[in-house]
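Student: Could you take me through a close look at a single part of this structure, and then set that part against the rest of the chain? I would like one connected account rather than a list.

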Amino acid sequence: MTEATSDIKKGLAGVVVDVTSVSKVNPETNSLLYRGYPVQELAEHCSFEQVAYLLWNGELPTDAELAEFTALERGQRALDDNVKAAIDLLPTESHPMDALRTAVSVIGANDPTAETNTPEANAVKAASLYAKLPAIVAYDQRRRHGLELVPPRDDLGYSANFLFMTFGEEADPVVVDAFDVSMILYAEHSFNASTFTARVITSTLSDLYSAVTGAIGALKGALHGGANEAVMHVFDEIGTADQASAWLDAALAEKRKIMGFGHRVYKNGDSRVPTMLKALERLAEHYGKPEILELYTTLEADMVARKNIKPNLDYPSGPAYNLIGFDTATFTPLFVAARIVGWTAHIAEQLASNALIRPLSEYVGPDERHVPTD
Ligand code: ACO
């Protein structure tokens with residue numbers, strides 16, 4: 001065995017691998033721009049539908065463009081029978097991310113245009129997945145409680161319909177708005193692990209469904225999207241705000257990573273957190289649950305005091321989804337429903353100027369040797 005001599009960038013940290021015009025993450029100014037627009041402004045003034053249109057087309061839609069775009073989405077919301085049948089075969093103990101990954105794979109296998117890798121064909125597939133994912137996520141949560149599928153309502157916007165299909169009743173506008181904000185904030189974040197996975201798969205000229213299925217696998221991990229679920233386990237483990245300090249001391253002594261804190265790119269706080277925290281505050285007030293905010297602020301203050309590590313988006317979104325009533329294991333599929341937009345924007349960008357992504361490694365195994373022949 002030999003030691004590496006190359007300048008290894010473990011985890012590709014700090015490596016710029018390509019250009020993108022989809023979004024800009026700037027840790028210096030703590031800002032995130034989607035096609036040039038600050039994400040905070042988009043969350044305040046736009047719907048998730050408008051943001052999806054922006055990320056795919058580069059510009060915000062006119063009223064006429066938005067009307068056409070939303071009509072297309074509303075027309076494709078229903079859960080296909082073959083996808084429902086595939087989900088029904090899965091044990092209710094399976095992870096919802098596994099169910100979602102399987103469902104996307106089934107949609108791909110049933111799409112006769114799956115192998116057509118043109119920009120036009122891929123735009124149609126992306127729009128169809130964006131429209132279909134809420135029904136999959138909602139139905140999967142319901143079936144785990146022995147509940148029937150709720151068909152979509154085409155008189156409701158994306159987020160209102162998503163909540164309707166999950167809970168079987170119309171959500172309060174405060175809840176719809178907070179959920180919509182979370183979808184906007186989760187929609188895109190440059191070359192994160194799942195987006196990069198989608199770009200790697202796309203770079204081989206594999207199909208969009210394979211790239212999205214792989215991205216779902218990457219997002220599932222606790223260091224990435226799985227952290228919003230893991231944050232809720234932390235909240236459940238701690239219980240109440242007065243237990244936070246002791247819990248954190250013990251967790252840090254055991255060298256545990258505290259879920260929902262830290263970020264590979266932002267070292268001075270995640271640009272999306274203040275907007276999501278405001279949405280969480282509105283939800284806590286709406287549901288009359290101030291104690292969840294107490295725990296939130298106490299753990300954050302303790303973590304900053306002890307390690308100077310700030311929260312990422314998963315920290316406020318986990319308790320927000322809990323207040324809305326989603327099962328904890330369903331939190332990361334919600335992230336997928338939003339990030340499908342960013343992934344597919346990057347798949348299009350990758351294909352438009354493709355180069356096979358194939359980095360090098362330095363071999364540090366045994367020197368050349370030979371199979372004994374006597
Ligand atoms: N809890 C405790 N310590 C942490 C944490 C954390 N959440 N995050 C970083 N650190 C510490 C590390 O232990 C390390 O300390 P050391 O130098 O003494 O060994 C130092 O900070 C640097 O950490 P790295 O893991 O090397 O930083 P990296 O940039 O690789 O990690 C990551 C980023 C993976 C997100 C990390 O902060 C983490 O594991 N966080 C928890 C999981 C999480 O919340 N993921 C969500 C990411 S954002 C998103 O997907 C929306």
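Tutor: A residue is called buried if 20 or more other C-beta atoms lie within 10 Å of its own, exposed if 12 or fewer do, and partly exposed in between. The model is a predicted one, and the part to look at closely is the loop between helix 15 (314-324) and helix 16, where Ala-329 lies. Because Ala-329 has 19 C-beta neighbours inside 10 Å, this residue counts as partly exposed. Leaving aside the neighbours within four places in sequence, Ala-329 is in contact with His-95, Pro-96 and Glu-229. A further relation across the sequence is that to His-233, which is 96 residues away from Ala-329 along the chain, while the two C-alpha atoms are 9.8 Å apart in space.

Glu-229 leads from the loop to a helix pair, since this contact of Ala-329 is also one of the helix 11 residues that meet helix 16. Helix 11 (residues 227-238) and helix 16 (residues 331-352) have axes that come within 7 Å and cross at roughly 150°, and the two helices are therefore roughly antiparallel to each other. Their crossing is right-handed. On the side of helix 11, the residues that take part are Asn-228, Glu-229 and Met-232, and they meet Phe-331, Thr-332 and Phe-335 of helix 16. By class, the residues of this contact divide into three nonpolar, two polar and one charged.

Another helix pair can be set beside this one. The axes of helix 4 (residues 81-88) and helix 6 (residues 119-143) come within 11 Å and cross at roughly 35°, and this crossing, too, is right-handed. Here Val-83, Lys-84 and Ile-87 of helix 4 meet Ile-136, Tyr-139, Asp-140 and Arg-143 of helix 6, a contact made up of four nonpolar and three charged residues, with no polar ones.

As for the chain in which these parts sit, its secondary structure comes to 16 helices and three strands. Of its 374 residues, 42% count as buried, and among contacts between residues at least 6 apart in sequence, 77% join residues at least 24 apart. The C-alpha trace spans about 75 × 55 × 45 Å along its principal axes, and the radius of gyration of 21 Å agrees with the value near 21 Å that a compact globule of 374 residues would have.

Definitions and conventions
Residues numbered from 1 in each chain as written. Predicted model: local features only at pLDDT ≥ 70, side-chain atom pairs only at ≥ 80, totals over all residues. Helix = DSSP H or I, 4+ residues; strand = E, 2+ residues; numbered from the N terminus. Rg over C-alpha atoms; globule rule 2.2 N^0.38 Å. Contact = placed C-beta atoms within 7 Å. Axes fitted to C-alpha atoms, helices over the stretch in contact; angles between N-to-C directions. Parallel < 35°, antiparallel > 145°, perpendicular 65-115°, else oblique. Left-handed = near helix turned anticlockwise from the far one by under 90°. Nonpolar A, V, L, I, M, F, W, Y, C, P; charged D, E, K, R; others polar.
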